[in-house]
Amino acid sequence: MNQELAEGDLVQLIDNKGRRYQGELTAGKEFHFHSGIIGHDELIGLPEGSVVRSSRSQVFTVLRPSLSEFILKMPRGAQVIYPKDLGPILMLADIGPGMRVLESGVGSGALSMAMLRCGVEITGYEIREDFANRATANVERFLGAEALARYDVQLRDCYEGIDPADDARPFDRVVLDLPEPWRVVPHAAEAMRSGGIFCAYTPSIVQVTQLRDALDAHGFFASESLEVMNRGWHIEGKAVRPDHRMVAHTGFLTHARLGAG
Ligand code: SAH
């Protein structure tokens with residue numbers, strides 16, 4: 001990726017209060033803020049990280065958004081999994097290039113994007129067409145049309161079963177974010193290769209216990225459940241302390257491996 005910003009790039013403008021605005025650079029278009037206008041033509045060709053001024057002299061820094069920054073601002077249908085959980089899911093499910101992943105539900109595509117960036121092929125099961133379309137559009141916007149070749153979203157109910165992958169290669173990973181993941185466990189045990197990893201995100205601990213019972217009953221082992229806490233710190237001169245507020249809860253992560261049975 002070039003240092004210079006080009007037409008078609010996604011960019012974010014950050015003002016001196018840390019407020020962020022995102023958009024796609026298109027020749028002839030303008031960003032309109034309360035604090036003035038910036039023409040996209042002024043940004044095209046600038047190095048990322050440049051400081052620009054609006055027509056009313058407000059100062060902005062222009063940068064391409066990172067994946068987490070994009071996820072926090074992108075259009076959503078369903079609630080997304082937040083970056084603090086997405087990073088750990090990539091490790092716990094050991095997501096890597098060339099792996100075949102069954103993901104359900106697809107929702108807004110935040111988890112899909114994090115996994116696609118690691119080079120996997122995803123078959124996604126989603127029951128809502130509007131969410132499937134939203135997720136596909138988000139993936140294309142951030143990762144480009146090339147990523148869609150590795151992203152096959154189907155309108156299907158994952159509780160009813162998982163079809164074997166087209167080329168008869170079983171799934172290496174099953175990664176879930178839906179209300180009753182235990183209903184998918186028997187199907188996952190059929191559709192995955194032995195040694196494969198199952199990982200699910202669930203907001204409630206009652207879901208975790210039900211899921212763990214199903215994993216135990218269907219040949220999974222080495223199961224673990226955990227939550228990730230992320231406490232920011234305030235660092236300013238001698239005032240160095242944890243932030244007063246934090247997001248205390250998002251969801252639990254449960255992962256397990258399939259035995260050879
Ligand atoms: N992980 C996603 C958010 C998923 S929200 C993200 O990061 O963006 C949960 C999704 O599961 C919703 O889109 C919902 O429509 C879908 N869903 C619920 N039950 C389902 C089922 N039985 N089969 C497939 N998708 C389902």
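**Close-up views of a predicted protein–ligand model**

**View 1. Contacts of Q58 in the predicted model.** Residues more than four places away in sequence that touch Q58 are D15, N16, S35, V52 and R53. The model shown here and in the following views is predicted. Q58 sits in the loop that links β5 (51-53) to β6 (59-63). With a relative accessible area of 16%, Q58 counts as buried, because this value falls under 20%. Among the residues it touches, N16 is also a polar partner: the side chains of Q58 and N16 form a polar contact of 3.4 Å.

**View 2. Surroundings of S112 in helix α4.** S112 belongs to helix α4, which spans residues 110-116. Its relative accessible area is 0%, so S112 is classed as buried, the limit being under 20%. Leaving aside residues up to four places away in sequence, S112 touches E103, V106, I122, V139 and Y151. The contact with E103 includes a polar contact between the two side chains, at 2.6 Å. V175 lies 63 residues from S112 in sequence, while the C-alpha atoms of S112 and V175 are 9.7 Å apart in space.

**View 3. The ligand and its surrounding residues.** The ligand is surrounded by 24 residues, of which E126, F131, D157, C158 and D177 are the closest. Polar backbone atoms also approach the ligand. One such atom of G109 is 3.1 Å from a ligand oxygen atom, and a polar backbone atom of A110 is likewise 3.1 Å from an oxygen atom of the ligand. On the nitrogen side, a backbone N or O atom of I127 lies 3.4 Å from a nitrogen atom of the ligand. The ligand taken alone exposes 590 Å², and the protein buries 91% of that area.

**View 4. The whole protein as context for the close-ups.** The protein has 261 residues, and 44% of them count as buried. Its secondary structure consists of seven helices and 15 strands. Along the principal axes, the C-alpha atoms fill a box of roughly 65 × 50 × 30 Å. Among contacts with a separation of 6 or more, 60% are between residues 24 or more positions apart. The exposed area of the protein is about 13300 Å², with 51% supplied by carbon and sulfur atoms. The protein carries 27 positive and 35 negative charges, and the mean positions of these two groups are 8 Å apart.

Terms used: Residues are numbered from 1 along each chain as its sequence is written. This is a predicted model: local features need pLDDT of at least 70, side-chain atom pairs count only at pLDDT 80 or more; totals for chains, interfaces and linings use all residues. Side-chain values use heavy atoms; hydrogens and water are left out. Helices (H or I, at least four residues) and strands (E, at least two) are DSSP runs, numbered from the N terminus. Buried means under 20% relative accessible area, exposed over 50%, partly exposed in between (1.4 Å probe, protein chains only). Contact means heavy atoms within 4.5 Å. Accessible areas come from the Shrake-Rupley method with a 1.4 Å probe; for residues, only the protein chains shown count as cover. Lys and Arg count as positive and Asp and Glu as negative; His and the chain ends are not counted. The place of a charge is taken as NZ of Lys, CZ of Arg, CG of Asp or CD of Glu. A polar contact is a pair of N or O atoms within 3.5 Å; within protein, one must be able to donate a hydrogen and the other to accept it, and residues adjacent in sequence count only if both atoms are side-chain atoms. A residue is near a molecule or strand if one of its heavy atoms lies within 4 Å of it.
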